[in-house]
Amino acid sequence: MRIGPTELLLILAIALLLFGPSKLPGLGKALGKSIKDFKDAAKGEEDAKPANATKPDGKTDEAPKA
């Protein structure tokens, strides 16, 4: 059973009505991150990124050094 283009458009239209155009990009990003994390965990790659990787705001996970 496959989802065709008509069904996909219907699902997207309902999502647009429910959440509004401003929240859809954030929902898509969160869904994509969740799927990626699930796949990584299924492969056994619990820590896929280094501990001191930079975050989107440019900060790192490390504590500041005095």
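**Exercise 1. Find which side chain Lys33 meets in a salt bridge, and work out how the two residues sit in their helix.**

Step 1. Look for a salt bridge, meaning a side-chain nitrogen of Lys or Arg within 4 Å of a carboxyl oxygen of Asp or Glu. Lys33 pairs with Asp37, at 3.0 Å from N to O.

Step 2. Check what you're working with. This is a predicted model, where local features need pLDDT of at least 70, side-chain atom pairs count only at pLDDT 80 or more, and totals for chains, interfaces and linings use all residues. Residues are numbered from 1 along each chain as its sequence is written, and side-chain values use heavy atoms, with hydrogens and water left out.

Step 3. Place the pair. Lys33 and Asp37 are 4 residues apart in helix 2 (residues 24-43), so about one helical turn separates them. Helices (H or I, at least four residues) and strands (E, at least two) are DSSP runs, numbered from the N terminus.

Step 4. Check exposure: buried is under 20% relative accessible area, exposed is over 50%, and partly exposed lies in between (1.4 Å probe, protein chains only). Lys33 has 53% relative accessibility, so it counts as exposed. Asp37, with 39%, counts as partly exposed.

**Exercise 2. Track down the salt bridge of Lys36 and say whether its partner is buried or exposed.**

Step 1. The structure holds 2 salt bridges. Lys36 meets Asp40 in one of them, again with an N to O distance of 3.0 Å.

Step 2. Count along helix 2: Lys36 and Asp40 are 4 residues apart, so they too are separated by about one helical turn.

Step 3. Now the accessibilities. Lys36 comes out at 47%, so it counts as partly exposed. Asp40 has just 12%, so it counts as buried.

**Exercise 3. Test whether the helix lengths add up, and see what follows each helix.**

Step 1. List the elements: the protein chain has 2 helices and 0 strands.

Step 2. Get the expected span, which is 1.5 Å times one less than the number of residues. For helix 1 (residues 5-19), 15 residues should give 21 Å, and the end C-alpha atoms are 21 Å apart, so that agrees. For helix 2, 20 residues should give 28 Å; the end C-alpha atoms lie 29 Å apart, which agrees.

Step 3. Step past the ends. Gly20, just after helix 1, has a positive phi of about 85°. Gly44 follows helix 2, and its phi is also positive, near 95°.
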